[in-house]
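Work through the exercises below with the sequence and the structure side by side. Try each task before reading its solution.

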Protein chains: 2
Amino acid sequence: MLYVVGIGLGDEKDITVKGLEAVKSCDFVYLEGYTSKLCSFDLGRMEKLYGKKIEVVDRKFVEDSKEIIEKAKEKDVALLIVGSVLGATTHMQLINSAKENKIKVKVIDNSGVLTAVGITGLSLYKFGRVTTIPFDNENVKSPYDVVLDNKKLGLHTLVLLDIQDDKMMSAREGLDYFLRMGLDKEEKVIVCGGLGGDTEIKYGNIKDVSINKFPQCVIIIGNLHFSEEEFLKNYA
Amino acid sequence: MLYVVGIGLGDEKDITVKGLEAVKSCDFVYLEGYTSKLCSFDLGRMEKLYGKKIEVVDRKFVEDSKEIIEKAKEKDVALLIVGSVLGATTHMQLINSAKENKIKVKVIDNSGVLTAVGITGLSLYKFGRVTTIPFDNENVKSPYDVVLDNKKLGLHTLVLLDIQDDKMMSAREGLDYFLRMGLDKEEKVIVCGGLGGDTEIKYGNIKDVSINKFPQCVIIIGNLHFSEEEFLKNYA
């Protein structure tokens, strides 16, 4: 049996009661540590609360999936994922691969950044497609194109920022990418740090706004509704 | 102090450990029962797990917000919300109103339908704007327009369905709306029931696909990536 368990964004206590029960019942517990990072991560604290030894695994381990699949054929295995379970293709492939191997799969979802950005006061109904800026972005136009497509429809864009090993892209780097691509220098944007944890949000000018907490993300704004504008005053 | 606590989509055990701790510490606990419904709701079971008497409140109570605000000035109050906390404007207004009253607010988020649809295998990165069909939709064009805008960009559309009191719109009613508006009769769509709980998903023809579990939602498909198509075979 394979449990795929979202553990939310903040710290080890953001796991659900159902998720915790599943983890406690498992023989092997893995934490996928590459697609996102908890705002406040402490492996010792997590192992204590979950009552299990937890092995932190990398992208290759999950993509390869052999060890997880083999173990899940005989034993109960949990793969912990920061944020929502269902955001990343890798996890869906693992689930598919488990099903092909006749392994029972149970997904226990959690809060992810796609809904957590609602804390900014922007309506989740007014976001267009989400996009991600990779570190190696000199010849990458797609995040900019997504922003333009969304803006044409008056929609906001949630921009996720690359994570590689322990390096996380800052909102500042993301905004500099957009300035380089041609976004207006007077544009007002939102930057978020530590969403789902001890959150830091600023609403300011694309040229100079920045924050300190990680992980960070950026919102390029479409048309603002009056109630959204009201809420953003909290972050000016 | 006001805690706004997402309780997820499935049942009372989808609350997070952090959310449960907060609720257990509160003097008053309200459950907002109108923007969405748990797949499996039992007030007695919930009160037992949460260790509190829970008052189920309606839209008017939360929108009016006076009682919550007054109580939160002196005592610790939790408002429980099905799914993610941050999806609905009403909740953001309550949070804003609490802040204006100098009440400390803590948001504890959870999984919502916007990420839970990932279980279909469609990439969350390929969804455009979300939309909702109201019951009274004879002269309502916007959900159809949202679908067309998204389709132009090759994107999927998550279509939420109205809930009023204890009446929930079925996926079938939603699809009939789209047929009436002019979507192609041969279009293949996804219908989901009980997302986040004991989920039922079908991938089929817009004319006749239907499911039994509630709450339901619909996905109108944009361009499918090969890996998305692979996954959808599970639901054909």
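**Exercise 1.** With which residue does Asp11(A) form a salt bridge, and how far apart are the closest N and O atoms?

*Solution.* Begin with the ground rules: this is a predicted model, in which local features need pLDDT (the predictor's confidence in each residue, from 0 to 100) of at least 70 and side-chain atom pairs count only at pLDDT 80 or more, while totals for chains, interfaces and linings use all residues. Residues are numbered from 1 along each chain as its sequence is written, chains are lettered from A and ligands numbered from 1 in the order in which they are written, and side-chain values use heavy atoms, with hydrogens and water left out.

Next, recall that a salt bridge is a side-chain nitrogen of Lys or Arg within 4 Å of a carboxyl oxygen of Asp or Glu. The partner of Asp11(A) is Lys18(B), and their closest N and O atoms are 3.2 Å apart. Across the interface of chain A and chain B, six salt bridges are found by this rule.

**Exercise 2.** Describe the side of chain A that touches chain B.

*Solution.* First take the extent: 44 residues from chain A and 44 residues from chain B take part in the contact, where contact means heavy atoms within 4.5 Å. The two chains bury about 4000 Å² between them, 59% of it on carbon and sulfur atoms; buried area is the accessible area (1.4 Å probe) that two parts lose on being put together, summed over both. Within chain A, the residues that lose the most area to chain B are Val17(A), Tyr125(A) and Arg129(A), together 16% of what that side buries.

Then turn to composition: the residues on this side of chain A divide into 19 nonpolar (Ala, Val, Leu, Ile, Met, Phe, Trp, Tyr, Cys and Pro), 14 polar (the others, Gly among them) and 11 charged (Asp, Glu, Lys and Arg).

**Exercise 3.** Is α1(A) largely enclosed or open, and why?

*Solution.* Helices (H or I, at least four residues) and strands (E, at least two) are DSSP runs, numbered from the N terminus. Buried means under 20% relative accessible area, exposed over 50%, and partly exposed in between (1.4 Å probe, protein chains only). Six of the eight residues of α1(A) are buried, so this helix is largely enclosed by the rest of the structure. The buried residues are Val17(A), Lys18(A), Gly19(A), Leu20(A), Ala22(A) and Val23(A). They pack against several elements of chain A, including β1 (2-6) and α2 (43-50), and also against α1 (17-24) of chain B.

**Exercise 4.** Compare the settings of three salt bridges that lie within one chain.

*Solution.* Start with Arg59(A) and Glu63(A), whose closest N and O atoms are 3.7 Å apart; both lie in helix α3 of chain A, four residues apart, about one turn of the helix. Arg59(A) is partly exposed at 39% relative accessibility, and Glu63(A) is partly exposed at 45%.

Continue with Asp176(A) and Arg172(A), where the distance is 2.7 Å; they lie in helix α8 of chain A, four residues apart. Here Asp176(A) is partly exposed at 34%, whereas Arg172(A) is buried at 18%.

Finish with Glu186(B) and Lys207(B), at 3.2 Å. Glu186(B) lies in the loop between α8 and β10 of chain B and Lys207(B) in the loop between β11 and β12 of chain B, so the pair ties together parts that are 21 residues apart in sequence. Glu186(B) is exposed at 52%, and Lys207(B) is partly exposed at 41%.
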